[in-house]
Amino acid sequence: MGTANKEEKVCPKCGTDEKQRKYGLNGSGNQRYKCGVCKREYTLKPMQRGYDTQTKEQALKLLTQGMTGRGVGKALGMSKANAYRWAREASKKGR
Ligand SMILES: [Zn+2]
């Protein structure tokens, strides 16, 4: 249908969408890009919508207090899958 699968890649530093090229993968297997204008290397964030750092911090606090991922999801009104993921991350980091 003529429309190439064009992703919107915008440099987080200079904000241009030109000359953004693939630049290997990072440690977690996410595609990295390099800006041809300012030479900044960056990773596109994988589908992280809706939750700000404040919510995440609060979730992590509840998790460290022993709340389950499901409980946190309920308490903060977010998807429990998300809470579970954070719970996993937190348990990997802590201890
Ligand atoms: Zn740039």
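**Close-ups of a predicted model**

**View 1. Helices H1 and H2 cross with a right-handed sense.** This is a predicted model, and here we're looking at the spot where two of its helices meet. On the H1 side, the contact is made by Thr 55, Gln 58, Ala 59, Leu 62 and Leu 63. H2 brings Val 72, Ala 75 and Leu 76 to the contact. Sort those residues by character and you get six nonpolar, two polar and no charged. As for the geometry, H1 covers residues 53–64 and H2 covers residues 69–76, and the two pack at about 140° with 10 Å between their axes. That angle is why H1 counts as oblique to H2.

**View 2. Three strands line up as an open sheet.** Read across the sheet and the order is S1-S2-S3, with antiparallel pairing. S1 (20–25) and S3 (41–43) sit at the edges with a single partner strand each, so each has one side without a neighbour in the sheet. From one strand to the next, the twist averages 35°.

**View 3. Strands S2 and S3 are joined by three bridges.** S2 takes in residues 31–35, and it runs antiparallel to S3. Want a residue to anchor your eye? Try Tyr 33, whose bridge partner in S3 is Tyr 42.

**View 4. Arg 21 sits in strand S1.** Is Arg 21 buried or exposed? Arg 21 has 9 other C-beta atoms within 10 Å, and 12 or fewer is the cut-off for exposed, so exposed it is. Even so, Arg 21 has some company from further along the chain: setting aside neighbours within four places in sequence, its contacts are Tyr 33, Lys 34 and Gly 36. Take Lys 34: 13 residues separate it from Arg 21 in sequence, yet their C-alpha atoms are 5.5 Å apart. Tyr 33 in that list is also the residue bridged to Tyr 42 in the previous view.

**View 5. Zooming back out, the protein has three helices and three strands.** Going from the N terminus, the elements run β-β-β-α-α-α. How much of the protein is buried? Of its 95 residues, 14% count as buried. Among contacts with a separation of 6 or more, 27% are between residues 24 or more positions apart.

Terms used. Residues numbered from 1 in each chain as written. Predicted model: local features only at pLDDT ≥ 70, side-chain atom pairs only at ≥ 80, totals over all residues. Helix = DSSP H or I, 4+ residues; strand = E, 2+ residues; numbered from the N terminus. Buried ≥ 20, exposed ≤ 12 C-beta atoms within 10 Å, placed from the backbone. Contact = placed C-beta atoms within 7 Å. Axes fitted to C-alpha atoms, helices over the stretch in contact; angles between N-to-C directions. Parallel < 35°, antiparallel > 145°, perpendicular 65-115°, else oblique. Left-handed = near helix turned anticlockwise from the far one by under 90°. Nonpolar A, V, L, I, M, F, W, Y, C, P; charged D, E, K, R; others polar. Pairing = 2+ DSSP bridges.
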